[in-house]
Amino acid sequence: MLTLWVFGICALIFLVVVVWVGYSVVRFRHRGEEGEPDQRQINKNYEIAWTIIPTLICVLLGWLTVESMFGPRSGEPLRTEDPDIIITGAQWWWDIRYPKLGVVAANELHLPVGRPFVVQLSSNDVIHTFWIPDLGRKQQMIPGHDNFITIQEDMIGTFLGACAQYCGNQHAWMRLLLVAQSPADFDAWVAQQKVVHPAPVALASAAAPGKTAPVPQPIPVNAVLQAHPEDSHAADEVAGMPAGNVARGARIYQQQTCGNCHAIEGVSSARFAPDLSHVASRATLGAGVLENNKKNLIRWIRDPQAVKPGCNMPNFQFTAEQTNDLVAYLETLQ
Ligand SMILES: [Cu+2]
């Protein structure tokens, strides 16, 4: 609405100026007279008019802008404690928590339409900026200084957001998806996010022991920064294999350092990286860099550095078979 007002008023001013300039160019063009053009002062009333009219326009636009800054029209006062949602920016993804619902998500903000939410914006590392243009709000996420905003979405649909503050080399791939749903669909989503998948301890003990090949040590992130060869064949190679073994995949997850960074409910609880408890239910991987499907999950696990160079997940140098098993496990985390 504000955009339309600003656009309308500016378009009007543009038209007036263009017509006026065009008229003046034709009407007062040089007709071969000698000497300086007429320098007479014009009527003072003109000067008063072109001071007052722009001032009024500025006041009107300023007023509309300030009015739109007070968030949704619900009249709900802004709380600075007890937020409904806590969103934490990290290099280069979003941690999204609903403390009152006991739900943890990442890179995907689900909202039921038509009601306001108080959001706490935090950061774990550098300054990020929360920006989903459709919500009309843009607010910095500052380490050690939480900001609070009220957001409300009235239209069902998905809307793209992004980090709007340069925050490092993968800043451009720090996308955030707003999924605005009917209250019933939102409740269904919450219920699904609260499902705890059976801990792989049980799964792993069911698998034949000794099947997992020794896994090579991950190479440090910085060492791979220089070279990240195109890895497209690797994905095809794994994709052609028979379905991976979920229990073996779960065991690889536990044996490797995945749990030092990631949380999976009942398995590991680290918060350095996106919560994976329901990773398979999300639309994208790597904060929007890949669509979430089996082939892309394979690409990611095979070599995150090839997909998102510099991101904070190392290349584990898994074999095709290990990748296949891990992906089979991750795909069960709906
Ligand atoms: Cu950022």
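In the predicted model considered here, the charged end of Arg115 is placed over the ring of Phe117, at 4.0 Å from its centre, where a charge is taken to sit over a ring if NZ of Lys or CZ of Arg is within 6 Å of the ring centre and within 35 degrees of the ring normal. An arrangement of this kind is also found for Arg175, the charged end of which sits over the ring of Trp173 at 4.7 Å from the ring centre. Because the model is predicted, local features need pLDDT of at least 70 and side-chain atom pairs count only at pLDDT 80 or more, whereas totals for chains, interfaces and linings use all residues. Residues are numbered from 1 along each chain as its sequence is written, and side-chain values use heavy atoms, with hydrogens and water left out.

Phe117 falls within strand β5 (residues 117–123), with strands (E, at least two residues) and helices (H or I, at least four residues) taken as DSSP runs numbered from the N terminus. Five strands make up an open sheet of mixed pairing, in the order β3-β2-β1-β5-β8, two strands being paired if DSSP finds at least two bridges between them. The edges of this sheet are formed by β3 (103–106) and β8 (147–151), each of which pairs on one side only. From one strand to the next the twist averages 25 degrees, with axes fitted as lines to C-alpha atoms (for helices over the stretch in contact) and angles running from 0 to 180 degrees between N-to-C directions. Within the sheet, β1 (residues 85–90) and β2 are antiparallel and share five bridges, and Trp93 in β2 is the bridge partner of Ala90. Strands β5 and β8 also run antiparallel and are joined by five bridges, with Gln120 opposite Phe148 in β8.

The edge strand β8 is mostly covered, five of its five residues being buried, where buried denotes under 20% relative accessible area, exposed over 50% and partly exposed the range in between (1.4 Å probe, protein chains only). In a regular strand the side chains alternate between the two faces of the sheet. In β8 both faces are covered, with Asn147, Ile149 and Ile151 buried on one side and Phe148 and Thr150 buried on the other. The loop between β8 and β9 (157–163) contains Glu153, which is buried at a relative accessible area of 3%. The side chain of Glu153 reaches the backbone nitrogen of Met155 at 3.1 Å.

A further open sheet of five strands, likewise with mixed pairing, follows the order β4-β10-β9-β6-β7. Its edge strands are β4 (108–112) and β7 (137–141), each pairing on one side only, and the twist averages 20 degrees from one strand to the next. Strand β4 pairs with β10 (residues 175–181) in the parallel sense over five bridges, and Leu109 stands opposite Leu178 in β10. Thr158, which lies in strand β9, counts as exposed at 56% relative accessibility. The C-alpha atoms of Thr158 and Asp134 are 9.8 Å apart, for a separation of 24 residues in sequence.

The structure holds seven aromatic pairs, defined for rings of Phe, Tyr and Trp (its six-membered ring) with centres within 6.5 Å, and classed as stacked for planes under 30 degrees apart, edge-to-face over 60 and tilted for the rest. One of them, between Tyr98 and Phe186, is tilted, with 6.2 Å from centre to centre and 50 degrees between the planes. Since Tyr98 lies in strand β2 (residues 93–98) and Phe186 in helix α3 (residues 183–194), this pair ties together parts that are 88 residues apart in sequence. Both Tyr98 and Phe186 are buried, and ring pairs link these two residues with Trp189 into a cluster.

Helix α7 (residues 246–255) is largely enclosed by the rest of the structure, because seven of its 10 residues are buried; among them are Arg248, Arg251 and Tyr253. At the start of α7, a side-chain oxygen of Asn245 comes to within 2.9 Å of the backbone nitrogen of Ala247.

With a disulfide defined as a pair of cysteine sulfur atoms within 2.5 Å, the count comes to zero. The sulfur of Cys58 has its closest cysteine sulfur in Cys10, at 9.5 Å, which is too far for a bond. Cys58 is exposed at a relative accessible area of 56%, whereas Cys167 is buried at 4% relative accessibility.

Key:
A polar contact is a pair of N or O atoms within 3.5 Å; within protein, one must be able to donate a hydrogen and the other to accept it, and residues adjacent in sequence count only if both atoms are side-chain atoms.
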